[in-house]
Amino acid sequence: MRLAPVQIAEGWDYYCRVAETDVTARAKAAIAVAAGWREALDQAVAAVSPVAPDLTLLFAAWDYAEEFPDLAREAKARLGGTVIGCSGQGIIGPRREVEDQPALSLACFQLPGASLSAVRITNGDVQRRASRESWEEALETGAEDMNGIIVFAEPYFDCEPFLIAMSGFFPGLPILGGIASGDSRTARAAVFLDGEAYLEGAVAVVLRGDYTLRTVVSQGAAPIGEPWTITGATENIIETIGMRPAYQVLVETLMGLEPGQQLRAQQNLLVGLAVDEYKDEFRRGDFLIRNLVGADRERGLLAINAYPRTGQTLQFQMRDAAAADEDLRELLQRFKSEAGEGTAVGGLLCSCNGRGAGLFGAPDHDALAVADMLGDVPVAGFFCNGEIGPIGQRTFLHGFTASLGLIVRKP
């Protein structure tokens with residue numbers, strides 16, 4: 001592998017002053033590229049200095065895997081506070097996404113008035129904890145104190161059962177993160193927590209106190225046609241839509257598109273399932289996007305990788321580079337309009353490893369979109385094997401998604 005010279009993206013510095021207490025929240029983020037992790041860590045730590053972080057997000061390329069234990073210990077010793085993160089096939093920092101090179105990124109948060117619980121979660125926890133009280137014990141805090149959870153897991157962690165439990169016991173709690181990536185041949189990856197590197201399980205930090213987590217979950221799809229009501233479904237099979245064969249409705253939807261859009265949709269067709277049936281109007285972000293995995297023309301059936309319900313609203317979707325760009329920018333603009341300029345202290349960006357230059361044809365797409373839309377908010381992250389983020393009141397595991405978590409001061 002040919003390595004670029006050691007280089008570092010500018011560390012973004014951001015302050016959020018709270019007038020009534022005259023306390024300043026502060027964040028800095030940086031990304032460094034170097035053949036050795038020590039050099040990369042030196043560069044990144046220098047860029048985020050002099051922040052004394054309460055929370056640090058750490059992401060490191062699998063190129064450093066043999067020395068992950070040393071990297072995790074050194075990062076904890078030099079930064080202090082809570083240090084949490086994982087490995088990635090690609091590493092994300094301010095305005096930059098590094099693919100196919102060894103790199104490391106940091107996002108450091110100084111959060112006066114915050115309280116953090118950092119924990120490790122195993123598959124055993126997922127299997128044996130079956131009550132809200134048992135999960136409060138595992139997360140080291142009561143439900144009423146939780147403002148958000150950031151979580152990273154290795155690929156063999158029981159992530160979907162974990163998220164089902166979290167959504168069931170703590171509905172509406174924002175949870176964001178991703179499945180670590182690393183060695184594509186063995187699907188091995190690592191997670192980091194307070195000076196330790198683990199090849200099994202998940203790590204999480206619970207945000208409490210004066211800050212909460214706001215999320216932007218862009219599933220990279222654009223709606224086509226009109227919303228419909230599912231009138232017949234069994235397990236993952238959609239039988240009828242609007243009292244007609246599901247396959248027939250799909251064909252009519254495609255035939256109603258403009259020729260150029262029709263070609264795009266045929267190559268990248270998906271299904272969106274509404275997560276809240278009580279909305280008067282559906283828009284981006286209201287649908288859980290899932291793959292269309294099969295069709296039976298003769299019987300009029302569609303198979304998807306989800307379990308739809310009779311009575312649930314469905315809208316067909318398409319995904320390509322243009323749709324993914326449009327979706328992300330629209331959702332970022334909505335966040336900006338609703339939350340207000342300068343709201344976020346800093347953020348975490350988890351992008352699917354199917355995005356990046358391979359999807360968009362050029363590097364840095366998601367990182368640049370966040371910077372373009374939200375300004376100089378310090379952001380670090382990685383390319384995932386699966387992205388975690390809420391749609392409505394529940395948290396899901398996604399694919400081809402950009403999940404952005406923003407730490408903000410509570411109103």
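## The largest pocket

The largest pocket has a volume of about 820 Å³ in this predicted model. It is lined by 33 residues, and those closest to its centre are E160, L288, R290, A306 and F396. Two or more lining residues come from each of α5 (159–169), β20 (269–274), β21 (287–296), β26 (387–391) and β27 (394–398). Of the contributing elements, β27 gives the most, with five residues.

The chemical character of this lining is mixed: by class, 16 residues are nonpolar, 10 are polar and seven are charged.

## The second largest pocket

The second largest pocket has a volume of about 630 Å³. Its lining comprises 23 residues, with T215, G285, R334, P390 and G392 nearest the centre. The elements β15 (211–218), α8 (321–339) and β26 each supply at least two residues of this lining, and β15 gives the most, with five residues. By class, the lining of the second largest pocket has 10 nonpolar, five polar and eight charged residues.

Strand β26 is named for both pockets: it gives two or more residues to the lining of the largest pocket and at least two to that of the second largest.

## The six-stranded sheet

Strands β26 and β27 also belong to an open sheet of six strands, arranged in the order β9-β14-β10-β11-β26-β27 with mixed pairing. The edges are formed by β9 (114–121) and β27, each of which pairs on one side only. From one strand to the next, the twist averages 20°.

Strands β26 and β27 run antiparallel and are joined by five bridges. Within this pair, G389 stands opposite F396 of β27, and P390 stands opposite T395 of β27. F396 is among the residues closest to the centre of the largest pocket, whereas P390 is among those nearest the centre of the second largest pocket. The hairpin of β26 and β27 has two residues between the strands, and G392 takes a positive phi near 65° there. G392 is also one of the residues nearest the centre of the second largest pocket.

## Helices on the sheet

Helix α4 (residues 132–139) lies across β9, β10 (148–153) and β14 (202–209), and runs at about 105° to β9. Helix α5 packs on the sheet as well, touching β9, β10, β11 (175–179), β26 and β27. The direction of α5 makes about 165° with that of β27. Helix α5 and strand β27 both give two or more residues to the lining of the largest pocket.

## Salt bridges

Side chains of opposite charge can pair when their charged atoms come close. A search of the whole structure finds 21 salt bridges. One of them joins the side chains of D194 and K76, with an N to O distance of 3.4 Å. This pair links distant parts of the chain, 118 residues apart: D194 lies in the loop between β12 (191–193) and β13 (196–198), and K76 lies in helix α2 (residues 68–79).

## Backbone features in loops

A cis peptide bond joins S49 and P50, with omega about 10°. P50 is placed in the loop between α1 (37–48) and β4 (55–61).

D100 has a phi near 65°, a positive value in a residue other than glycine. The loop that holds D100 lies between β7 (96–99) and β8 (103–110).

Conventions:
Residues are numbered from 1 along each chain as its sequence is written. This is a predicted model: local features need pLDDT of at least 70, side-chain atom pairs count only at pLDDT 80 or more; totals for chains, interfaces and linings use all residues. Side-chain values use heavy atoms; hydrogens and water are left out. On a 1 Å grid over the protein atoms alone, a cavity is a set of points where a 1.4 Å probe fits but cannot get out, and a pocket is an open set with protein on both sides within 12 Å along at least five of seven lines; lining residues have an atom within 4 Å of a point. Grid points are joined across faces, edges and corners, and a volume is the space filled by probe spheres set on the points. Helices (H or I, at least four residues) and strands (E, at least two) are DSSP runs, numbered from the N terminus. Ala, Val, Leu, Ile, Met, Phe, Trp, Tyr, Cys and Pro count as nonpolar, Asp, Glu, Lys and Arg as charged, and the others, Gly among them, as polar. Two strands pair if DSSP finds at least two bridges between them. Axes are lines fitted to C-alpha atoms, for helices over the stretch in contact, and angles run from 0 to 180 degrees between N-to-C directions. Contact means heavy atoms within 4.5 Å. A salt bridge is a side-chain nitrogen of Lys or Arg within 4 Å of a carboxyl oxygen of Asp or Glu.
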